[in-house]
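Visitor: Please choose one small part of this model and look at it closely with me. I would then like to follow the chain outward from there, so that I can see what surrounds it.

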Amino acid sequence: VLGMAKRCRAKILQASTSEIYGDPEVHPQPESYRGAVNPIGPRACYDEGKRAAETLFMDYHRMNGVNIRIVRIFNTYGPRMDPHDGRVISNFIRQALAGEPLTIYGDGTQTRSFCFVDDLVEGLMRMMDSEQTGPVNLGNPSEVTIGETAETIRRLTGSSSEIVHVELPEDDPKRRCPDITRARDWLNWEPTTDLESGLGRTIESFRDPATEMGAGA
């Protein structure tokens, strides 16, 4: 793909990820932080794959002048998610609506930062319209625990599902929150959708997928 971008003189976006920071020792995570990734752990195929992709993008940019953009996307959610994609928001909503136990890995004190999809798309568009190469973090700097997220979804869905705890997977990040100073300075961007509003729209789409599909028609 990079070779094609070089030949066609195309602008090209690398949708990288907050996972390149691994289980971070710096908080919140700025783009200058190089991460704490276990290169032989169970998450390494994804973490290191994204890190290698960023390397290739920068090499093509430096050596061949390819017009690249690198964004590091933090947890994103919203309508039309696959209920079975394995992400925490979709798992909790699907389980709550089905009356199944909400499954939390570990004790639930680990944190994430959830960005509504509309905000993310706006950030991506601004990045592509800018002259910045990146990398730039795109995510919501409002940090919340997994336990709090489960309780919020249970309340918003009106579910009586119990919450159960299972073993935390190896190398699962304990804290995850973006430093979006670059996005604010370079792109004049920051999220505008609060978690409860975004979850409400997402839950509605899970209840009736046709509602959100029709809204965009």
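### A proline and its surroundings

Guide: Let us start at Pro-135, which sits in the loop that connects H4 to S7. Please keep in mind that the model is predicted. The peptide bond leading from Gly-134 into Pro-135 is cis, and its omega is near 5°. Most peptide bonds are trans, and most residues other than glycine have a negative phi, which is the background against which such a bond can be read. The chain has another cis bond, from His-27 to Pro-28, with omega near -10°, and Pro-28 also belongs to a loop, the one between S1 and H2. A positive phi, near 55°, is found at Arg-9, which is not a glycine; Arg-9 lies in the loop that joins helix H1 (2-8) to S1.

From the loop of Pro-135 we can step into the sheet. Three strands make up an open sheet in the order S1-S2-S7, with parallel pairing. S1 and strand S7 (136-138) are at the edges and have a single partner strand each, so one side of each has no neighbour in the sheet. Direction ignored, neighbouring strands here are turned by 30° against each other on average. S7 is joined to strand S2 (residues 67-73) over 3 bridges in the parallel sense, and within this pair Ile-73 stands opposite Leu-138 of S7. On the other side of our loop, helix H4 (residues 117-129) packs on the sheet and touches S1, S2 and S7, with its direction at about 155° to that of S2. H2, for its part, lies across S1 and S2 and runs at about 155° to S1.

S1 and H2 also bring us to the pockets. The largest pocket has a volume of about 820 Å³. Its lining has 33 residues, and Glu-19, Arg-43, Asn-75, Arg-87 and Val-88 are the closest to its centre. At least two lining residues come from each of strand S1 (11-17), helix H2 (44-64), strand S3 (76-77), helix H3 (88-98) and strand S4 (102-105). Sorted by class, this lining has 16 nonpolar, 9 polar and 8 charged residues.

The second largest pocket has a volume of about 170 Å³, and its lining, to which H2 gives the most with 3 residues, has 5 charged, 2 polar and 2 nonpolar residues. Among the residues that line the second largest pocket are Ile-20, Tyr-33, Arg-51 and Arg-72.

Further along the chain, Thr-145 lies in strand S8 (residues 144-145). Apart from its neighbours within four places in sequence, Thr-145 is in contact with Gly-108, Thr-109, Gln-110 and Thr-111. Thr-145 and Arg-176 are 31 residues apart in sequence, while their C-alpha atoms are 9.7 Å apart in space.

Finally, a word on how far to trust the picture. The chain has an average pLDDT of 93, and 96% of the residues score at least 70. Over residues 213-217, however, the pLDDT falls below 50, and this stretch has 2 contacts in the model beyond near neighbours in sequence. Where pLDDT is low, the predicted coordinates should not be read in detail.

Definitions and conventions: Residues are numbered from 1 along each chain as its sequence is written. This is a predicted model: local features need pLDDT of at least 70, side-chain atom pairs count only at pLDDT 80 or more; totals for chains, interfaces and linings use all residues. Side-chain values use heavy atoms; hydrogens and water are left out. On a 1 Å grid over the protein atoms alone, a cavity is a set of points where a 1.4 Å probe fits but cannot get out, and a pocket is an open set with protein on both sides within 12 Å along at least five of seven lines; lining residues have an atom within 4 Å of a point. Grid points are joined across faces, edges and corners, and a volume is the space filled by probe spheres set on the points. Helices (H or I, at least four residues) and strands (E, at least two) are DSSP runs, numbered from the N terminus. Ala, Val, Leu, Ile, Met, Phe, Trp, Tyr, Cys and Pro count as nonpolar, Asp, Glu, Lys and Arg as charged, and the others, Gly among them, as polar. Two strands pair if DSSP finds at least two bridges between them. Axes are lines fitted to C-alpha atoms, for helices over the stretch in contact, and angles run from 0 to 180 degrees between N-to-C directions. Contact means heavy atoms within 4.5 Å. pLDDT is the predictor's confidence in each residue, from 0 to 100.
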